[in-house]
Amino acid sequence: MEEATKEESEKMPQIVEVLEALKQASHDIQQHHSSDSPSVKALLELQTILASDPNLSALSNHLNRLKTLVHTLNRSNGLRSFLTRPLSTHSLARVAASIESEIQAWIDRETLHTLSASLNNPLDDEDELVSLLTQFQDRVSQGFNRELQDLVLKLKLFPSLQSVLLDAKCSNRVRERTGLAVAALIRFNKDVFVGEVLMGPTVRALLSMASPLSLEVLCSLIRSIRSPLVDEIESNGEILNVIELLNSQDLQLRVLGFECLLEIGYFGRKEAVEAMLKEGVVKKLMELQRSEKGGDLIGLDRAVEKKERVSGFLEKHPFASCVARFAVQLEVGEGLRQREKRAFKPEILVRVKEASSSDAEAATIVAEVLWGSSP
């Protein structure tokens, strides 16, 4: 049985390749409205193959309709055909669109069944799994499709994705690609899949990887799910793990850790912001601001005189004015009430003064926080 499954898996790329060609053929018919073309002939040949497969009855019916229309158009002549031909060619395009949709559904069934089997055995063929995950991400990124969603739910793909994401035996390459697929599914239909992210191990798995791509996925999920996901991050005690990313030796991880904190600050409710302050986020941001990759945006005037753009400045100094940028996120964000925003600003100023290495540093950062320094 396992050998048969493996054999089917090996044949799948060839099957999908043929189906993609047939889908393109149906698309060409819609574009050119031709009843006598290689595309039409290719689809009519498919009709003879599908006649006995009950699972493809809808596609077979559309192909029968295509065959009838082509026969009518190719045999028609005279004034009546001249008058009715525009309607017939329009019908041809509509049938071709239906065929394209059915072939896409066939492709989805082939690829998702293979993906499901691969997710259940993620260590078998890493390259194949990465390829399947990439195809799946691309497919769901095309927009909502009811049949596709039903197939994802039927095959329980989301729990399978989360299992691979949490599996430390899998390579980061596979787990990162799995994270991207999870994020794509949330964008595909947040209402259906967000609950599984909130109740599952997704955030913990992404933070445990602590790779640039895993953190980009986490930031994407925070932007998609907003306050409810930040609530989960806070309640699960993950705020400290995010702040600790700022201690990484890898500059890219520090930058992405900071970006993640900005997202948490924007969407976080009172409890999340209190947790960040309690874990010393202001002190850590001040350390980054006084590093060689820091600086302050007050000095941007001098950079402008040298014709250096804001984006260029921040690219070289990603932690410039990071304390004020964090404070701005809290102030303009949607997680806090207005009175909570007013209450947090003085608390941030107190922590700035406590962590300052000099009166001059304190004065500069306090001024930036008060005036809302932001790129």
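**Exercise 1.** In this predicted model, classify how helices α11 and α12 are oriented to each other, and describe their contact.

*Solution.*
- Step 1: Locate the helices. α11 spans residues 212-225 and α12 spans residues 227-235.
- Step 2: Take the geometry. Their axes cross at roughly 125° and come within 6 Å.
- Step 3: Apply the cut-offs. Roughly perpendicular covers 65 to 115 degrees, and roughly antiparallel needs over 145. α11 and α12 are therefore oblique to each other.
- Step 4: List the contact. α11 contributes L218, L221, I222 and I225, which meet S227, P228, L229, V230 and I233 of α12.
- Step 5: Sort by class. The contact has eight nonpolar residues, one polar and no charged.

**Exercise 2.** Do the classification for α19 and α21, and give the handedness of their crossing.

*Solution.*
- Step 1: α19 covers residues 322-332, and α21 covers residues 359-371.
- Step 2: The packing angle is about 25°, with the axes 8 Å apart.
- Step 3: Angles under 35 degrees count as roughly parallel, so α19 and α21 are roughly parallel to each other.
- Step 4: The crossing of α19 and α21 is right-handed.
- Step 5: V323, A324 and A327 of α19 touch I365, E368 and V369 of α21. By class, that makes five nonpolar residues, one charged and no polar.

**Exercise 3.** How many disulfides does the structure hold, and why is C219 not bonded to C260?

*Solution.*
- Step 1: The count is zero.
- Step 2: A disulfide needs sulfur atoms within 2.5 Å.
- Step 3: The closest cysteine sulfur to that of C219 is in C260, at 4.4 Å, so the pair is too far apart for a bond.
- Step 4: Check burial. C219 is buried, at 4% relative accessibility. C322 is also buried, at 0%.

Conventions: Residues are numbered from 1 along each chain as its sequence is written. This is a predicted model: local features need pLDDT of at least 70, side-chain atom pairs count only at pLDDT 80 or more; totals for chains, interfaces and linings use all residues. Side-chain values use heavy atoms; hydrogens and water are left out. Axes are lines fitted to C-alpha atoms, for helices over the stretch in contact, and angles run from 0 to 180 degrees between N-to-C directions. Helices (H or I, at least four residues) and strands (E, at least two) are DSSP runs, numbered from the N terminus. A crossing is left-handed if the near helix is turned anticlockwise from the far one by less than a right angle, and right-handed if clockwise. Contact means heavy atoms within 4.5 Å. Ala, Val, Leu, Ile, Met, Phe, Trp, Tyr, Cys and Pro count as nonpolar, Asp, Glu, Lys and Arg as charged, and the others, Gly among them, as polar. Buried means under 20% relative accessible area, exposed over 50%, partly exposed in between (1.4 Å probe, protein chains only).
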